[in-house]
Amino acid sequence: MAISRLGYRILWCSLAAVTLVPAFGQEPVTLGERLYLGQCAMCHGARGEGGRGPVLAKPKLLHATDDASLNRIIRSGIPGTGMPGTGLIDAEILAVAAHVRQLGAVRPEPVAGDARAGSEVFFGRGRCVACHVLQGKGGIFGPELDGIGARRSPTHLRQSLVDPAADFPPNYAWVEAVTPTGRRIQGLRVNEDTFSIQLRDLGGQLHSHWKQELTSLRKDLKRSPMPSYRDTLTATELTNLVAYLASLQESQ
Ligand code: HEC
Ligand code: HEC
């Protein structure tokens, strides 16, 4: 059967297109990368830069210290944490694990700034301890920050400070409730079911209410209770603070 000259040209063009796409980095090239982008990237970032889950783009991982523990974590997750198990079969687990190792084979993101000066901002002018526990002390309004530098990339840390609403844990919803006596309470939703809601106000006090009895209840899932420091700290203070947070590698 003869193929026309035009037919050859079309065939050749489509082959070229298929081989060129991966070269531009648009499409996942390996099975491991495809699985990673589909099942892991939403929490760990497309390049392992971290997000809801910790940074994977670094040479040494905290829990996944060797191949066996990495495979185990991918299979079964880490019980009691936000790391779910997967339904992947052995060959797929090995492929994803290889991709995670590849993500880790990068030079760590460079951190500018002076960590010691940053710690003075943290405990001093920044008043971060009002809401965050660090080394066993501080307020419980926000998440604990021990080991935060091992869980989050410097880019994510900076973003948490200047644009907290961009990406924050979904369990931190901002609520405003007005009680039957007209009292307005603003704070974090700690717990909620069909009938009741518990929230923690900015002073750290817990409140529990029957939803039906409240005059109004507003929830804002897009607004972070963490204030933005874009305008209240100087550029140098922010850079030093990021350096300090990035230096916190040990969980207590
Ligand atoms: C729903 C979010 C989520 C998804 C999806 C997810 N992870 Fe995680 N992962 C986490 C969280 C949160 C942790 C940290 C658990 C802890 O230690 O508190 C974690 C921890 C890990 C660790 C341990 C990191 C270390 O420092 O040792 C590895 C490795 C890991 N995940 C790989 C993966 C891979 C591979 C996938 C996809 C198959 C995946 N994760 C999917 C949230 C997620
Ligand atoms: C009014 C209370 C409050 C103050 C003050 C506050 N934070 Fe937060 N912070 C929160 C809450 C609540 C969250 C969780 C929601 C979020 O990530 O936006 C948070 C999140 C964060 C995160 C992200 C944690 C993660 O796992 O991604 C970092 C980093 C952080 N804060 C650092 C700081 C630093 C540094 C300061 C001082 C300059 C500070 N915070 C001051 C309440 C506060």
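Start with strands β1 (residues 174-178) and β5 (residues 216-220): select both, and you'll see them run antiparallel, paired over five bridges. Strands here are DSSP runs of E with at least two residues, helices are H or I runs of at least four, and both are numbered from the N terminus; two strands pair if DSSP finds at least two bridges between them. Show E176 as sticks and look across to β5, where its bridge partner is R218.

Before you go on: this is a predicted model, where local features need pLDDT of at least 70 and side-chain atom pairs count only at pLDDT 80 or more, while totals for chains, interfaces and linings use all residues. Residues are numbered from 1 along each chain as its sequence is written, chains are lettered from A and ligands numbered from 1 in the order written, and side-chain values use heavy atoms, with hydrogens and water left out.

Now add β2 (residues 184-192), which pairs with β1 in the antiparallel sense over five bridges. V178 sits opposite R184 of β2. The two strands make a hairpin with five residues between them, and G182 in the turn has a positive phi of about 90 degrees.

Stay on β1 and colour by burial: five of its five residues are buried, meaning under 20% relative accessible area (1.4 Å probe, protein chains only; exposed is over 50%, partly exposed in between). W174, E176 and V178 point one way, V175 and A177 the other.

Next, ligand 2. Select its 27 surrounding residues, the closest being C128, C131, H132, S224 and M226; the shell takes residues with a heavy atom within 4 Å. Which polar contacts (N or O pairs within 3.5 Å; within protein, one atom must be able to donate a hydrogen and the other to accept it, and sequence neighbours count only if both atoms are side-chain atoms) can you pick out? A polar side-chain atom of H132 is 2.8 Å from a ligand nitrogen, while ligand oxygens lie 3.0 Å from a side-chain N or O of R152 and 2.9 Å from one of H156. Helices α8 (154-162) and α9 (235-247) give two or more residues each to this shell, with the largest share, four residues, coming from α8.

Finally, jump to ligand 1. Of its 23 surrounding residues, C40, C43, H44, H63 and M83 come nearest. Turn on backbone atoms here: ligand oxygens are 3.0 Å from a polar one of L62, 2.6 Å from one of H63 and 2.8 Å from one of A64. Helix α4 (67-76) is among the shell's suppliers, and contributes the largest share, three residues.
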